[in-house]
2 protein chains.
Amino acid sequence: MEITPIATLYSDFEARFGTPRQPGLVPAARGEVVMRPPYNDPEALRGLESCSHVWLIFGFDRIDNRDWRPTVRPPRLGGNRRYGVFATRSPFRPNGLGLSLVRLEGLLAPAGRGLAIAAPDIMDGTPVVDIKPYLPAIEAPADAHPPAGFEAPNQALAVIWSEAAAGAAADCDERVRALIEQTVAADPRPAYRQRDPNERYGMRIAGFEVGWRVEDGTARIERLLPAG
Amino acid sequence: MEITPIATLYSDFEARFGTPRQPGLVPAARGEVVMRPPYNDPEALRGLESCSHVWLIFGFDRIDNRDWRPTVRPPRLGGNRRYGVFATRSPFRPNGLGLSLVRLEGLLAPAGRGLAIAAPDIMDGTPVVDIKPYLPAIEAPADAHPPAGFEAPNQALAVIWSEAAAGAAADCDERVRALIEQTVAADPRPAYRQRDPNERYGMRIAGFEVGWRVEDGTARIERLLPAG
């Protein structure tokens with residue numbers, strides 16, 4: 001089956017590392033779903049503005065999905081347990097399709113241009129292949145539970161700023177400061193087993209290079225520079 | 001983007017007409033998601049058995065998706081209001097991808113063969129391009145609402161059987177009788193504006209041809225024959 005992107009998603013997350021692992025984890029994040037021709041017809045979005053949340057089906061285009069393996073170790077679950085790829089939301093999967101439920105903030109101007117969304121977990125530049133309204137009456141069954149092991153809440157990291165980084169951040173707007181802090185707090189590090197405790201991490205987010213490390217369970221943002 | 005079916009969905013719904021318009025509408029319906037090679041590896045489904053509901057992303061392969069139009073009139077909403085195609089779950093959409101949340105009944109034997117599911121709204125023989133676990137903690141936001149106009153509950157039809165049809169149904173097993181009755185009750189007729197009040201409807205479901213009509217708001221099943 002041949003499918004064609006209908007839109008491009010623009011977000012704060014300019015690299016795989018740092019992109020949140022689920023929607024809503026980084027509340028300060030914003031995104032735009034910009035329709036591609038011929039889908040940029042105002043009529044194609046008619047009525048969507050009155051809806052609170054939308055499904056995005058998109059392509060994990062920075063991952064080679066021929067690399068899929070039957071099992072994965074979800075990093076959010078510590079990387080210690082193997083699950084079948086179809087029992088996870090791993091991006092390393094056959095067909096490389098992602099599915100995210102995002103809050104709709106409104107429609108972009110001019111009419112037909114696209115959607116403004118909140119808190120996506122999707123990389124900047126990602127091709128979107130469908131947009132569908134969320135239907136809570138049929139898509140929120142009361143008796144549902146995820147695969148065993150997925151119930152554990154996400155462990156957020158405490159975050160502090162070095163003096164130098166805090167000084168550089170003073171020039172950013174408040175949303176970007178919150179975005180950076182929340183992205184680090186969401187703990188984008190790889191699973192325990194692949195982790196070097198002294199590792200320094202670098203992320204590219206909203207036009208900045210952010211350097212940080214973790215000491216005694218607290219993340220310290222050490223460096224903040226406009227990306228070159 | 002080129003995508004390849006990973007599985008085939010087998011269901012009771014052998015024709016477009018009669019296929020329910022949302023999952024769960026016909027509780028007696030059952031389906032099997034049978035993995036295609038090389039995805040029929042027991043490891044690829046590991047852990048899924050402990051999950052209550054799964055997302056299926058599938059292709060509306062009996063519809064030519066080049067026929068999409070910017071707006072549609074959802075039949076369930078009476079066919080009187082136009083919505084943008086991306087504000088609906090219409091199958092007549094760019095890329096022709098469907099998304100359904102279905103209850104997982106269990107894994108098929110032998111291991112790796114696939115999934116048994118309940119109450120699908122998907123046609124027999126449909127190609128499935130992804131299976132993902134449902135994650136209620138992030139996919140059931142408490143403050144969600146659908147596009148304006150979608151809140152109306154589905155109006156079920158009362159169903160009676162003619163003597164002849166009831167006689168023929170006596171030979172069916174109880175699940176198939178319930179399946180047929182629930183499928184008619186879900187009111188698969190087209191929207192009001194395209195409807196002839198004297199129309200006789202025929203559906204093909206679970207190996208039967210079912211003939212019915214509606215009089216004074218009650219559906220009467222008139223005919224039940226093994227499909228030729």
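## A tour of two chains, from the axis to one strand

Start with both chains in view: chain B can be laid on chain A by a turn of 180° and a shift of 0.0 Å along the axis, with an RMSD of 0.0 Å. That is the relation of a two-fold axis. The same surface serves both copies, as 100% of the contact residues of chain B recur in chain A. Do keep in mind as you go that this is a predicted model.

**Stop 1: the contact between the chains**

Next, select the residues where the chains meet. You should have 57 residues from chain B and 58 residues from chain A. Now colour the elements of chain B that give two or more residues to this side: strands S3 (53-59), S5 (83-84), S6 (97-108) and S8 (126-133), together with helix H1 (136-139). Which element supplies the largest share of the side of chain B that touches chain A? It is S8(B), with five residues. Switch to colouring by residue class, and that side of chain B divides into 34 nonpolar, 13 polar and 10 charged residues.

**Stop 2: the two domains of chain A**

Turn to chain A and select residues 7-139 as domain 1 and residues 158-226 as domain 2, following the domain assignment. The centres of these two domains, taken over C-alpha atoms, are separated by 23 Å. Where they touch, domain 1 of chain A brings 17 residues and domain 2 of chain A brings 16. On the domain 1 side of that contact you will find 10 nonpolar, four polar and three charged residues.

**Stop 3: the barrel in chain B**

Go back to chain B and show its strands as a cartoon. Six of them form a closed barrel in the order S1-S2-S7-S6-S3-S8, with antiparallel pairing. On average, neighbouring strands of this sheet are turned by 45° against each other, direction ignored.

**Stop 4: strand S8 and its neighbours**

Zoom in on S8(B), the strand you met at the chain contact. Why can S8(B) be called largely enclosed by the rest of the structure? Because seven of its eight residues are buried.

On one flank, select strand S1 (residues 7-11) of chain B, which runs antiparallel to S8(B) and is joined to it by three bridges. Show the pairs here: B:Ala7 stands opposite B:Val128, and B:Thr8 stands opposite B:Pro127.

Then select S3(B), which is also antiparallel to S8(B) and is linked to it by five bridges. To finish, pick B:Ile57 and look across to its bridge partner in S8(B), B:Asp130.

Definitions and conventions
Residues numbered from 1 in each chain as written. Chains lettered and ligands numbered in written order. Predicted model: local features only at pLDDT ≥ 70, side-chain atom pairs only at ≥ 80, totals over all residues. Least-squares fit on C-alpha atoms with pLDDT ≥ 70 in both. Contact = placed C-beta atoms within 7 Å. Helix = DSSP H or I, 4+ residues; strand = E, 2+ residues; numbered from the N terminus. Nonpolar A, V, L, I, M, F, W, Y, C, P; charged D, E, K, R; others polar. Domains from an automatic or database assignment. Pairing = 2+ DSSP bridges. Axes fitted to C-alpha atoms, helices over the stretch in contact; angles between N-to-C directions. Buried ≥ 20, exposed ≤ 12 C-beta atoms within 10 Å, placed from the backbone.
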